[in-house]
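Welcome, and please open your viewer. Let's take a short walk through the model together, one selection at a time.

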Protein chains: 4
Amino acid sequence: MVTVKNAVIGNGSLTVIAGPCAVESREQLLAAAHRVRQAGAAILRGGAYKPRTSPYSFQGLEAEGLKLLAEASAQTGLATVTEVVDEASLELALEYVDMVQVGARNMQNFHLLRRVGRSGKPVILKRGFSATIEEWLMAAEYIVSEGNEKVVLCERGIRTFEKATRNTLDLSAVPVVKRLSHLPVIVDPSHATGDRSLVAPMARAAVAAGADGLLIEVHPEPCKALCDGPQSLPPDEFDALMEELKTVAAAVKRFVREEVLYA
Amino acid sequence: MVTVKNAVIGNGSLTVIAGPCAVESREQLLAAAHRVRQAGAAILRGGAYKPRTSPYSFQGLEAEGLKLLAEASAQTGLATVTEVVDEASLELALEYVDMVQVGARNMQNFHLLRRVGRSGKPVILKRGFSATIEEWLMAAEYIVSEGNEKVVLCERGIRTFEKATRNTLDLSAVPVVKRLSHLPVIVDPSHATGDRSLVAPMARAAVAAGADGLLIEVHPEPCKALCDGPQSLPPDEFDALMEELKTVAAAVKRFVREEVLYA
Amino acid sequence: MVTVKNAVIGNGSLTVIAGPCAVESREQLLAAAHRVRQAGAAILRGGAYKPRTSPYSFQGLEAEGLKLLAEASAQTGLATVTEVVDEASLELALEYVDMVQVGARNMQNFHLLRRVGRSGKPVILKRGFSATIEEWLMAAEYIVSEGNEKVVLCERGIRTFEKATRNTLDLSAVPVVKRLSHLPVIVDPSHATGDRSLVAPMARAAVAAGADGLLIEVHPEPCKALCDGPQSLPPDEFDALMEELKTVAAAVKRFVREEVLYA
Amino acid sequence: MVTVKNAVIGNGSLTVIAGPCAVESREQLLAAAHRVRQAGAAILRGGAYKPRTSPYSFQGLEAEGLKLLAEASAQTGLATVTEVVDEASLELALEYVDMVQVGARNMQNFHLLRRVGRSGKPVILKRGFSATIEEWLMAAEYIVSEGNEKVVLCERGIRTFEKATRNTLDLSAVPVVKRLSHLPVIVDPSHATGDRSLVAPMARAAVAAGADGLLIEVHPEPCKALCDGPQSLPPDEFDALMEELKTVAAAVKRFVREEVLYA
């Protein structure tokens, strides 16, 4: 069970973390924050440092993005999470957000893992896209062994030969992790599928498989997104998805927490 | 929508197909048949011809197994399905069962597909464990192009580097197939995971992802099974799973049909 | 060691099997046959039955193709090999060619394997594109257990996430098979890469890794090929490759046999 | 073409980089260094910082290991290369070795890549074990875009379903990279196969495929190695392999450089 400000992951509830892939502007982030809060998300996500395959792609607003996350949090009461990519971005993130994320590409960046471990900050550890579950748990151990047990594991798809989706979401990882570890496990259907129309069915499936939470990309105007537009949900679709998720969560005896948290 | 005797797949209900991996004896099959019928399964599965990696493994009861399936059907009213592996087994199966199955290893056995197409019999076409969704749909086209539209697609896991499960169940295939094809799609969590304890969470997830049905291995005494014991559910666990599935199905507006069918 | 008419595979020589993916016409096949014989190939390949992903693609000349292979053999003295896809094509192939091939898609078509086993005909067993080496050897066992030891294994690439090549040629399979089995092992760089420009380097590499032979697509006019044109070598490039291969083969103490065979 | 002290990679020669996986002691490293130099290696490798899957495995001698590499270089005249895992290890390595290596796990640690780029030091960039060739080239671009063109790419195996080898060595990557980039490309058969008996055939194959060099693990006493013993060659086997490689290299018109370099 990991507590992040006023949100909890792993206590039997379904915790939804939502927001844009990248923080692009004040307007974009605040619009997203208010909408995901209204819909029942418990944590706001937004990338300030974007590790991109090409050095010539948009790399994020960096410090400016972190400040906007802090502002969004102040306005909405939402806890916030952002990806860190190295020691410098981690140092800064520790000041401005409530939780950090180590991305798939850095899952075995052991130096960064140790540093996150020493920070004591709640952390989402994404599974590397070719990591076995065992390696993923060992990567978590790099954080825990430094004294930080606030680790949330996030399945986000693995590489296979299938081309219809960006990656293959390995939902079996959810019950496998639950058998091997006490750490909460959440699922990111947005990055796994790379396709907006697949986010809702895979989000529902993740909940039914037993996930403790979801990480979902929401953008006020996906077609204008600088990053991952094709997989981001517009706010209206996110509202509809949250309604569906509450029903599925109830069917597997989980509850979505917003009523409690923002009472 | 495919009708198999008194069962229907693809009409908005959740159709559960259950039974032992292999027909091993009269006692075993009848015990399984009565239990899965009581629990709400609509179709009885049982292998009479078992394609096995090694030529020295148990290869099935063949004709004797088919006759036992027919007897189990007569006793319980359940429709039956069995795997066919070549022309001879197909000819015989056409006499004794209501539906045939082309297994993952034969997904691109085009000769067999064409012959199944000409038979006009309802058929489950399993996805090859390294087939892309596109190749799977093209394999279905080999059947349909011979005039047989009664094809049900079955996702059963693909090969990846992950070793914690036998294969990686690709549940994204469910919504992807629904977008590309009008054929019903079901999911086999037993073969995909190879692990009894993962069958229930992945079955629930498959329903939440939108599957039209499930194919689940049930054996009266899994520890004595000649084939796939570790992934077969004992009847009590299957009963419990069916109760869970009804709740999840209702949450995504599907219903389990047994009340209607056996009224 | 497998003898096919006047050719031998697995006696320490490098046996090159070459010819078009599909037999398309008398002119095409005879032109290819004469050119590959001159360049030093020991066996002529040509497909008469083409298992294709789509039922609407060109499926081969069937019986007519087999007769053309027999004619090409009579004119050139080359042994011949063709793919069989079911019992009917096998029966016919047994009359017209010197060796049959079971393709990747049929590697676990156990009925066909057994039937090839009973035929006693030399056979190339291609590795399924998602088969482990262990499964491939077990598939060979289906043939050998019927009394036919004339099995030549052929590595042709496996499915991975890499998109730059059609499949990933797993050359490690060559020394692994040599450690586990006494059967000869050859390599098909044409199908594995799907790209003419990669055939020569991968053919050289296969020889250096210890392969007993190569299966190479050669077409008199690749740009007019009905099947696999992009990966077929025109005869001039095949001539040049054969010269290179002789040098590499000599470096690893193998020899290319044409001088002896056609003396 | 990349020059590393008195060695050159990518000038048409075959450059062999050899040494132990990890620097374990002065005796071990010096013994290895003298032997690989005698056998014709051009560069000495040795790990001082070992990124390991588990935080509880041996993590390397760190600064002490770097000093031993410098001493081995002084004694033998060999250039040296070592893996760097973060900014601190890079800073120190820049003082003590001639070339740095970014390992597979850090291939998309973009912060580290940029820092290596700014250092101007020759660098080996290993392919991530699930990276596409395109992503690998983009990762190299992170280094080059900071002004450092001394990048050598190293194929070291990718993740697939095959279990007979640790990873699947993708030798097609060699000609594919040569078509897309001017950067030299070398191959690491030791890590790819994880099996000493497969190192020689895959090293020969890599040379025949056109690799500019090889990275080979050599340990004076593999059975006592703290890391990767099963895949390390003892010095006698390395001697024998070097003789074989000279023959294969000559067959593809490459030459092994030691005569020139240590004249």
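Begin by selecting residues 259-263 of chain A: pLDDT stays under 50 there, and the model has 10 contacts beyond four places in sequence for this stretch. Remember as you look that this is a predicted model.

Now select the whole of chain A and colour by confidence. Its mean pLDDT is 94, with 97% of its residues at 70 or more. For the complex, the predictor gives an ipTM of 0.94 and a pTM of 0.92.

Next, show chains A and B together. How large a turn lays chain A on chain B? A turn of 180° does it, with a shift of 0.0 Å along the axis and an RMSD of 0.0 Å. The two copies are therefore related as by a two-fold rotation axis. To find that axis from chain A, pick A:Ala205: its C-alpha is the one nearest the axis in this chain, 2.0 Å away. Both copies use the same surface, since 100% of the contact residues of chain A recur in chain B.

For the last stop, move to chain D and select residues 235-251, which form helix α9. This helix has 17 residues and reaches 25 Å from first C-alpha to last, close to the 24 Å expected at 1.5 Å a residue. Which residues of α9(D) are buried? Among them are D:Pro235, D:Phe238, D:Leu241, D:Met242 and D:Leu245, and further along come D:Val248, D:Ala249 and D:Ala251. The buried residues lie on the same side of α9(D), because they cover an arc of only 170° around the axis. Just after the helix, click on D:Lys253, which takes a positive phi of about 65°.

Notes: Residues are numbered from 1 along each chain as its sequence is written. Chains are lettered from A and ligands numbered from 1 in the order in which they are written. This is a predicted model: local features need pLDDT of at least 70, side-chain atom pairs count only at pLDDT 80 or more; totals for chains, interfaces and linings use all residues. Side-chain values use heavy atoms; hydrogens and water are left out. Helices (H or I, at least four residues) and strands (E, at least two) are DSSP runs, numbered from the N terminus. The expected span of a helix is 1.5 Å times one less than its number of residues. Buried means under 20% relative accessible area, exposed over 50%, partly exposed in between (1.4 Å probe, protein chains only). The arc is that of the directions from the helix axis to the C-beta atoms. pLDDT is the predictor's confidence in each residue, from 0 to 100. Contact means heavy atoms within 4.5 Å. Copies are superposed by least squares on the C-alpha atoms of residues with pLDDT of at least 70 in both.
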